[in-house]
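Here's a protein with a ligand to poke at. Have a look around before you read on.

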Amino acid sequence: MSAGADGSGGAAAAARSREGSPAEDGFVPSALGTREHWDAVYERELHTFREYGDTGEIWFGEESMNRLIRWMQKHKIPLDASVLDIGTGNGVFLIELAKFGFSNITGIDYSPSAIQLSGSIIEKEGLSNIKLKVEDFLNLSTKLSEFHICVDKGTFDAISLNPDSAIEKRKQYVKSLSRVLKVKGFFLITSCNWTKEELMNEFSEGFEFFEELPTPKFSFGGRSGNSVAALVFQKT
Ligand SMILES: C[S@@+](CC[C@H](N)C(=O)[O-])C[C@H]1O[C@@H](n2cnc3c(N)ncnc32)[C@H](O)[C@@H]1O
């Protein structure tokens, strides 16, 4: 298991896509925004898991998961609250939630290989009560709804880099989120492509900013900032 996305590795690659020739929203479209990319990533990771038992990359590192679980503890989120992990990837966050005692958790991803990989890892961990589905969050086919908590670690970032009408896709994301989350439900997003202010703007309709979670700071050339933003919104 590697933690290459804690401000380095894949997440940094996504962040770097701000450079070059930006589209009108400031991002350079990238393969990271396509399903083909993620299919290839998770096919490779599935192969590595079968060969060597390595579960693959933890996007934004271990601390990104601990930070979310600490927030749930602090706010006394009941262990039977329904939690949806949007773009679950290898499903490692679902496993952390299950180990912590959460009993009503669902992971979706549009990459069938990601769902196969997360299913294999979950099975190896001996956890049976985690629901997994191949779902495109921008085109939800089933009646996923009424979640108490939705979590996104890197998925909105990936969608923002889609070479094909990313602005529309972001709007669709907000609509889908509104559809799956209960009124007063919480949305926890971790992003390396968007600042706190930008995220507050993206999720200004139908959601209220609730809290910012502390993330590591960097300083460079006399300026300082955060390479990762972790925010909580509440559906109004
Ligand atoms: C940066 S990875 C993060 C994976 C995981 N959340 C983590 O923290 O390790 C982005 C994930 O979003 C998934 N994804 C991207 N667009 C999606 C969409 N429209 N619907 C569902 N999943 C999507 C990708 O397949 C990939 O697993």
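What follows is a round of questions and answers on this predicted model.

Q: How many helices and strands does the secondary structure of the protein chain come to?
A: The chain has 236 residues, and buried ones make up 50% of them. Its exposed surface is about 11100 Å², with carbon and sulfur atoms supplying 50% of that. As for the secondary structure, the count is 8 helices and 9 strands.

Q: Among contacts between residues at least 6 apart in sequence, what share joins residues at least 24 apart?
A: Contact here means heavy atoms within 4.5 Å. Take the contacts in the protein chain between residues at least 6 apart in sequence; the share that joins residues at least 24 apart is 73%.

Q: Which residues come nearest to the ligand?
A: There are 16 residues around the ligand. By class, that shell splits into 7 nonpolar, 5 polar and 4 charged. The ones that come nearest are Gly87, Asp109, Asp136, Phe137 and Lys153.

Q: How much of the area that the ligand exposes when taken alone does the protein bury?
A: Start with some polar atoms around the ligand's oxygens: a side-chain atom of Tyr42 is 3.1 Å from a ligand oxygen, and a side-chain atom of Thr155 is 3.2 Å from one. Trp59 uses a polar backbone atom instead, at 3.5 Å from a ligand oxygen. Taken alone, the ligand exposes 590 Å², and the protein buries 97% of that.

Q: Which elements give two or more residues to the shell around the ligand?
A: The shell holds 16 residues. The elements that give two or more of them are α2 (35-52) and α6 (155-160).

Q: Is strand β4 mostly covered or mostly uncovered?
A: β4 spans residues 147-153. A residue counts as buried under 20% relative accessible area, and 6 of the 7 residues in β4 are buried. That makes β4 mostly covered.

Q: Which residue in β5 does Cys150 stand opposite?
A: β4 pairs with strand β1 (residues 82-86) through 4 bridges, running parallel, and there Asp85 stands opposite Val151. β4 also pairs with β5 (residues 181-191), again in the parallel sense, over 6 bridges. In that second pairing, the residue opposite Cys150 is Phe187.

Q: Why is strand β2 largely enclosed by the rest of the structure, and what is the bridge partner of Val83 there?
A: β2 covers residues 104-109, and 5 of its 6 residues are buried, so it is largely enclosed by the rest of the structure. β1 and β2 pair in the parallel sense over 5 bridges. Within that pairing, the β2 partner of Val83 is Ile105.

Q: Is Ser64 buried or exposed?
A: Ser64 sits in helix α3 (residues 61-74). A polar atom of its side chain is 3.3 Å from the backbone oxygen of Trp59, and Ser64 touches Trp59 and Lys153, leaving out residues up to four places away in sequence. Its relative accessible area is 0%, so Ser64 is buried.

Q: Why does Asn162 count as buried?
A: Asn162 is in the loop between α6 and α7 (166-180), and a polar atom of its side chain lies 2.7 Å from the backbone nitrogen of Asp164. Not counting residues up to four places away in sequence, Asn162 touches Pro29, Gly33 and Lys169. The cut-off for buried is under 20%. Asn162 counts as buried because its relative accessibility is 14%.

Q: How far apart in space are Val174 and Gly206, C-alpha to C-alpha?
A: Val174 is in helix α7 and, at 13% relative accessibility, counts as buried. Neighbours within four places aside, Val174 contacts Glu202, Phe203, Glu205 and Phe207. Val174 and Gly206 are 32 residues apart in sequence, while in space their C-alpha atoms are apart by 8.7 Å.

Q: What is the relative accessible area of Ser120?
A: Ser120 lies in helix α5 (residues 112-124) and touches Leu46 and Phe49, setting aside residues up to four places away in sequence. Asn90 is 30 residues from Ser120 in sequence and 9.1 Å from it in space, C-alpha to C-alpha. Ser120 is partly exposed, with a relative accessible area of 22%.

Methods
Residues numbered from 1 in each chain as written. Predicted model: local features only at pLDDT ≥ 70, side-chain atom pairs only at ≥ 80, totals over all residues. Heavy atoms only, no water. Near = heavy atom within 4 Å. Polar contact = N/O pair within 3.5 Å; in protein donor to acceptor, adjacent residues only side chain to side chain. Areas by Shrake-Rupley, 256 points an atom, 1.4 Å probe, with all protein chains shown as cover. Nonpolar A, V, L, I, M, F, W, Y, C, P; charged D, E, K, R; others polar. Buried < 20%, exposed > 50% of the residue type's maximum accessible area, 1.4 Å probe, protein only. Pairing = 2+ DSSP bridges.
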